[in-house]
Amino acid sequence: MSLKSIIMNGLLVAALCLAVFLLYRIFQQYSLDEIVQSVRSIPLSTFLTALVFAAASYLCLSCFDLLAIRSLGKSLPYRKIVLASFISLSLGHNIGFAGLSSGAFRYRYYSRWGLTTEDVAKIILFCGVTVGLGLVTLGGLALIINPSDAARLMRADAGSVRIFGVLALIVPVVYAGLASFVRGKLRLWRWSFQLPRFSIAVAQVGVGTVNFMLVSACLHQMLSTFGDVAFFRSVTAYVLANSAILATHVPGGLGVLEATVSHVVPQEASIGALIAFRCAYFFIPLALGTTLLLSIELIFRRSSGAGEEADESAEAQSV
């Protein structure tokens, strides 16, 4: 086993141990009856509304891939992009190391549809940048609009937190500005980057921000069942939780998501709200994505088998 494999496996084990520890800390204070009762207290209409927000988020995520493919000057039917994006991300969000795991699924599909390994690598990088832009933009807005929660966590005053929010919003502005004025590749130390067109850069910021707003709205639906929580408190909770998930690479953010949200909104983040949110945004898409994956793989195998039979028949006739 190579050193890289040992390190990756070690990180995965450490992440899983962290997830188990955090989940234990969260669940130890509840009995099974309390957990069941908390989940049951969420109205069906609220859960269905949260599902709509979750579906809208996954649809928005497909626009990441769409913009990436257009920035490469390539063209694919949108139905194929939606399929590859949903399967990749519904599984990647739960597996952990989302960039690598979802990238492997993306390569599986896009390579079959004519894109090269380099193209897929650029799509993965583009989507990662879009995630970062959306997270920074929405995080900046949350710090400006709702500085109190972040100030409590950072042990700073509200004025300083708002300054951090303004600085965060400078990032997407600078990115769009560079895309507008820089021609060719942008070089930073040993790395070089091909910036997209200005219109695509602006679209990246837009869809990245909207995606995280939709996920926050899904979480907000669950939290609102247990208290009067402002929307941007949910935004703050999710942005911080997602940042922690990206930093730890815990599979599915298990424990990390729940612990962070519980820390930001301790009164409203009941165990029922957290379980319902995980079901709506992680587990249900995972079940659908896995079903689609197996179905598409079966179709691929049948089509490749039919193609091989046709080739063998053509060779036999030529002989």
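Trainee: Let's start with Thr-260, which sits in helix H11. Why does Thr-260 count as buried?

Mentor: This is a predicted model, by the way, and the values are computed from it. Buried means under 20% relative accessible area. Thr-260 comes in at 17%, so it counts as buried.

Trainee: Which residues does Thr-260 contact, leaving aside its neighbours within four places in sequence?

Mentor: Ala-237, Leu-240, Ala-241 and Ala-244.

Trainee: Let's move on to Ser-270, in the loop between helix H11 (256–264) and helix H12 (271–318). What makes Ser-270 buried?

Mentor: Same kind of check. The cut-off for buried is under 20%, and Ser-270 has a relative accessible area of 14%, so buried is the right word.

Trainee: And what is Ser-270 in contact with, once its neighbours within four places in sequence are set aside?

Mentor: Ser-38 and Phe-226. Take Ser-38: it lies 232 residues away from Ser-270 along the chain, yet their C-alpha atoms are separated by 7.2 Å.

Trainee: How do contacts between residues 24 or more positions apart figure in the whole protein?

Mentor: They account for 70% of the contacts with a separation of 6 or more.

Trainee: What about Ser-216 in helix H9: buried or exposed?

Mentor: Buried: its relative accessible area is 0%, and buried takes in anything under 20%. Beyond its neighbours within four places in sequence, Ser-216 contacts Leu-138, Phe-231, Ser-234, Val-235 and Tyr-238.

Trainee: How is the packing of two helices described?

Mentor: By the angle between their axes and the distance between the axes.

Trainee: What are those values for H6 and helix H9 (residues 198–224)?

Mentor: The two axes come within 7 Å and cross at roughly 65°. The crossing is right-handed. On the H6 side, the contact involves Phe-126, Val-129, Thr-130, Val-131, Leu-133, Gly-134, Leu-135, Thr-137 and Leu-138. H9 brings Ile-200, Gln-204, Val-205, Val-207, Gly-208, Thr-209, Phe-212, Met-213 and Ser-216.

Trainee: How does the contact of H6 with H9 break down by class?

Mentor: There are 11 nonpolar and 7 polar residues, and no charged ones.

Trainee: Now Leu-125, which is in helix H6 (residues 117–145). Why is Leu-125 called partly exposed?

Mentor: Partly exposed is the band between the buried limit, under 20%, and the exposed one, over 50%. Leu-125 has 48% relative accessibility, so it falls in that band. As for where it sits, its C-alpha is 8.9 Å from that of Ala-68, with the two positions 57 residues apart in sequence.

Trainee: And Leu-141, also placed in helix H6: what makes it partly exposed?

Mentor: Its relative accessibility is 29%. That value is not under 20%, and it is not over 50% either, so partly exposed it is. Leu-141 touches Leu-169 and Phe-232, not counting residues up to four places away in sequence. Its C-alpha is also 8.0 Å from that of Val-166, which is 25 residues away along the chain.

Trainee: Which residues of helix H7 (residues 147–154) are buried?

Mentor: Pro-147, Asp-149, Ala-150 and Ala-151. Their cover includes H6, helix H8 (158–181), helix H10 (231–248) and H11. Just after H7, Arg-155 takes a positive phi of about 55°.

Trainee: Back to a helix pair. Helix H3 (residues 44–71) packs against helix H4 (residues 78–95) at about 120°, with the axes 8 Å apart. Why is H3 called oblique to H4?

Mentor: Roughly perpendicular covers 65 to 115 degrees, and roughly antiparallel needs over 145. An angle of about 120° fits neither, so H3 is oblique to H4. The crossing is right-handed.

Trainee: Which residues meet where H3 and H4 pack?

Mentor: H3 contributes Tyr-58, Leu-59, Leu-61, Ser-62, Cys-63, Asp-65, Leu-66 and Ile-69. From H4 come Tyr-78, Ile-81, Val-82, Ser-85, Phe-86, Leu-89, Ser-90 and His-93. By class, that contact has 11 nonpolar, 4 polar and 1 charged residues.

Trainee: How many helices and strands does the protein have?

Mentor: There are 12 helices and 2 strands. In sequence order the pattern reads α-α-α-α-α-α-α-α-β-β-α-α-α-α.

Trainee: And what share of the 319 residues counts as buried?

Mentor: 43%. The accessible surface comes to about 16,700 Å², and 67% of it belongs to carbon and sulfur atoms.

Notes:
Residues numbered from 1 in each chain as written. Predicted model: local features only at pLDDT ≥ 70, side-chain atom pairs only at ≥ 80, totals over all residues. Heavy atoms only, no water. Helix = DSSP H or I, 4+ residues; strand = E, 2+ residues; numbered from the N terminus. Buried < 20%, exposed > 50% of the residue type's maximum accessible area, 1.4 Å probe, protein only. Axes fitted to C-alpha atoms, helices over the stretch in contact; angles between N-to-C directions. Parallel < 35°, antiparallel > 145°, perpendicular 65-115°, else oblique. Left-handed = near helix turned anticlockwise from the far one by under 90°. Contact = heavy atoms within 4.5 Å. Nonpolar A, V, L, I, M, F, W, Y, C, P; charged D, E, K, R; others polar. Areas by Shrake-Rupley, 256 points an atom, 1.4 Å probe, with all protein chains shown as cover.
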